[in-house]
Amino acid sequence: MGTENTVTINTSNIVSISKIIYGDWITGFSFSYAEPNPPYPCCAFCVYLILQLLVSSMSLRRFLVASSLILSPVAAISLQSAAFAQTATDTIQIGGSVSASVSITSTTTQYASDLPLSTGGVENNLKIADLVVTTNFGAATITATSTNNGTLLNNDNPDDSLQYELDIVGDGGQANNFNNLSNFSRQAEGDLDLYIKFTNPSTPRKGIYTDTITLTVSDE
């Protein structure tokens, strides 16, 4: 706790002014009139106002000095913490994969099991199946093989055989690009038509002619 001290300042014969000090702080002023010539009321008020403003100014100045002394270490600590802040980074790679998906289904037509072989010398261009190729990557590669290597084999007389070629076109398309099975490859997807082309011998030989075609689809 501080102690209250009073310092008297004589200002001519107008007023006796006392400065009230609490510790190191000026807390106010008091004054008294010097008899028998008291000052005019307005003069006394002016002196009082000036002294109060002086106290306010001095108190504010001391408050600002004290505040700066308190806040300066805090600001220094904050700046020091920012200057010595440490950071680190790392990267995380993410991803995944989707495997290729492909399928083929076929629905044969009546010609597949009943090819017109009896009429000699006739060239045949016939649709033998509807195909559906489904993928998750676009057009698939379609290749073909057969049990008899692209030959309609006469089961009664194996020496009698009939070569044929294949073509695959879009649904309802015109087949005009036939290939034998050893060179057969198409890029396609969706609804397709499978065609066969062969020419009957001039004198077809008696027998049952058969072959089994295998179509393979891939993403290659």
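Which residue in strand 11 does Asn124 stand opposite? Select Asn124 and look across: Phe198 faces Asn124 from strand 11. Keep in mind throughout that this is a predicted model.

**Stop 1: the strand pair**

Widen the selection to residues 123–135, which make up strand 5. Add residues 190–199, strand 11. The two run antiparallel, and 10 bridges join them.

**Stop 2: the four-stranded sheet**

Now bring in the other two members. Strands 4, 5, 11 and 9 form an open sheet in the order 4-5-11-9. The pairing is antiparallel. Colour residues 102–108 for strand 4 and 165–170 for strand 9; these two stand at the edges. Each edge strand has a single partner strand, so one side of each has no neighbour in the sheet. Turn the view to follow the twist: on average, neighbouring strands of this sheet are turned by 30° against each other, direction ignored.

**Stop 3: the core**

Show side chains next. Start with Leu115, Leu166, Ile196 and Phe198, the residues with the most contacts inside the largest nonpolar core. Phe198 is the residue met at the start, opposite Asn124. The core has 24 residues in total. Strand 5, strand 6 (140–146), strand 9 and strand 11 each give two or more residues to this core. Strand 5 supplies the largest share, five residues.

**Stop 4: the pocket**

Switch on a surface. Where is the centre of the largest pocket? Select Ala112, Ile128, Asp211, Thr212 and Ile213, which lie nearest to it among the 22 lining residues. The space inside comes to about 460 Å³. Strands 4, 5 and 11 each give two or more residues to the lining, as do strand 12 (209–210) and strand 13 (213–218). Colour the lining by class: 14 residues are nonpolar, six are polar and two are charged.

**Stop 5: the three-stranded sheet**

Stay with strand 12, one of the elements in the pocket lining, and follow it into another sheet. Three strands form this open sheet, in the order 8-7-12, with antiparallel pairing. Strand 8 (161–163) and strand 12 stand at the edges. Each has a single partner strand, so one side of each is left without a neighbour in the sheet.

Finish on strand 7, residues 151–154. Strand 7 pairs with strand 8 in the antiparallel sense, over three bridges. Which residue of strand 8 is the bridge partner of Thr151? Select Gln163 to see that partner.

Key:
Residues numbered from 1 in each chain as written. Predicted model: local features only at pLDDT ≥ 70, side-chain atom pairs only at ≥ 80, totals over all residues. Heavy atoms only, no water. Pairing = 2+ DSSP bridges. Axes fitted to C-alpha atoms, helices over the stretch in contact; angles between N-to-C directions. 1 Å grid on protein atoms, 1.4 Å probe; cavity = no way out; pocket = protein on both sides within 12 Å on 5 of 7 lines; lining within 4 Å. Points joined across faces, edges and corners; volume = space filled by probe spheres on them. Nonpolar A, V, L, I, M, F, W, Y, C, P; charged D, E, K, R; others polar. Core = buried A, V, L, I, M, F, W, Y, C linked by side-chain atoms within 4.5 Å. Buried < 20%, exposed > 50% of the residue type's maximum accessible area, 1.4 Å probe, protein only.
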